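Reader: Could you show me the model and walk me through how its contacts get their labels?

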Amino acid sequence: RGESFYNPYIPDVIKILEDKQLVQESKGATCVFVDPKLPPLMVRKSDGGYGYDSTDIAAIHYRIFTQKATLIIVITDVGQAEHFHLINETARMAGWLTDTRVYHIGFGLVQDSGGQKFKTRSGDTVPLSALLDEAITRMKATLTQRITEQRSPLTLEEVDHAATVIGHASVKYFDLRQNPSSNYIFAYDKMLDDRGDTAVYLLYSRARIHSILRKAERECGVDM
């Protein structure tokens with residue numbers, strides 16, 4: 001459900017927290033102080049408006065008491081770990097988690113070469129389809145050059161299929177080899193490198209091994 005879905009539930013949830021004497025006024029805002037070492041959960045802004053804190057505390061209340069959830073797993077980037085810690089601890093302090101387990105799982109951000117969140121020039125999130133298309137395009141250019149230089153047994157008719165297989169595998173492998181909770185730099189040059197810990201190298205090695213086995217069978221009669 002979208003965040004706006006929970007907006008009508010926010011005032012009632014804040015009232016519940018107030019009745020439990022869990023909220024305090026801080027510089028005009030209504031807050032829940034979970035840990036003195038952390039910023040508070042701001043359930044209502046000083047101007048009376050609501051933010052992510054308000055929406056997410058209403059969301060967890062809805063999931064527990066309306067949807068009767070017994071297990072809630074929230075998956076976001078690691079940058080929101082503290083926020084969901086505050087949400088979960090507020091729910092615990094309110095006595096909402098007697099029959100419900102809640103977890104936050106954080107994943108690392110995909111970053112550009114400058115260490116910023118990987119986005120398009122207009123600031124939008126880059127869709128997976130665009131990443132795959134770009135990997136295919138680059139691999140197609142590489143394979144075509146290798147054929148031209150007579151460094152590949154492929155034919156030009158086989159390039160499209162090979163580029164698609166290698167391009168997709170490269171994106172998948174590059175992402176899966178990272179620590180899931182760590183940020184990493186998305187770099188096509190590293191991803192499509194035929195040396196090192198890449199899908200291109202692994203696929204090349206597999207093809208090379210099969211070539212050696214075929215040659216052994218053909219020239220030496222060794223069936224492995």
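Author: What follows is a chat about charged pairs and aromatic rings. Keep in mind that this is a predicted model.

Reader: Fine. What makes Arg 44 and Glu 18 a salt bridge?

Author: Their closest N and O atoms are 3.1 Å apart. The cut-off is within 4 Å, so the pair counts. The structure holds 11 salt bridges.

Reader: What parts does the pair of Arg 44 and Glu 18 tie together?

Author: Arg 44 belongs to strand S3 (residues 41–44) and Glu 18 to helix H1 (residues 10–19), so parts 26 residues apart in sequence are tied together.

Reader: Why is Arg 44 called partly exposed?

Author: Its relative accessible area is 23%. Buried means under 20% and exposed over 50%, so a value in between gets the middle label. Glu 18 is also partly exposed, at 31%.

Reader: And how do you know that Arg 195 is exposed?

Author: Arg 195 has a relative accessible area of 61%, and the label needs over 50%, so it fits. Asp 193, at 22%, counts as partly exposed, and so does Asp 194, at 36%.

Reader: Which residues does Arg 195 share a network with?

Author: Arg 146, Asp 193, Asp 194 and Arg 195 are joined into one network by salt bridges that share partners. Asp 193 has its closest N and O contact with Arg 195 at 3.3 Å, and for Asp 194 with Arg 195 the distance is 3.8 Å. The limit is within 4 Å, so both of these qualify.

Reader: On to the rings. How many aromatic pairs are there?

Author: The count comes to 10.

Reader: Why is the pair of Phe 5 and Tyr 62 called edge-to-face?

Author: The ring centres are 5.2 Å apart and the planes sit at 85°. Pairing needs centres within 6.5 Å and edge-to-face needs over 60 degrees, so that label follows. Phe 5, in the segment before H1, and Tyr 62, in helix H2 (residues 52–65), are 57 residues apart.

Reader: Is Tyr 62 buried or exposed?

Author: Tyr 62 is buried, with a relative accessible area of 9%; the label needs under 20%, so that settles it.

Reader: What makes Phe 118 and Phe 186 a tilted pair?

Author: Their centres lie 4.9 Å apart with the planes at 40°. Under 30 degrees would be stacked and over 60 edge-to-face, so this pair falls among the rest, the tilted ones. Phe 118 and Phe 186 also belong to one aromatic cluster with Phe 174, Tyr 184 and Tyr 188.

Conventions
Residues are numbered from 1 along each chain as its sequence is written. This is a predicted model: local features need pLDDT of at least 70, side-chain atom pairs count only at pLDDT 80 or more; totals for chains, interfaces and linings use all residues. Side-chain values use heavy atoms; hydrogens and water are left out. A salt bridge is a side-chain nitrogen of Lys or Arg within 4 Å of a carboxyl oxygen of Asp or Glu. Helices (H or I, at least four residues) and strands (E, at least two) are DSSP runs, numbered from the N terminus. Buried means under 20% relative accessible area, exposed over 50%, partly exposed in between (1.4 Å probe, protein chains only). Rings of Phe, Tyr and Trp (its six-membered ring) pair if their centres lie within 6.5 Å; planes under 30 degrees apart count as stacked, over 60 as edge-to-face and the rest as tilted.
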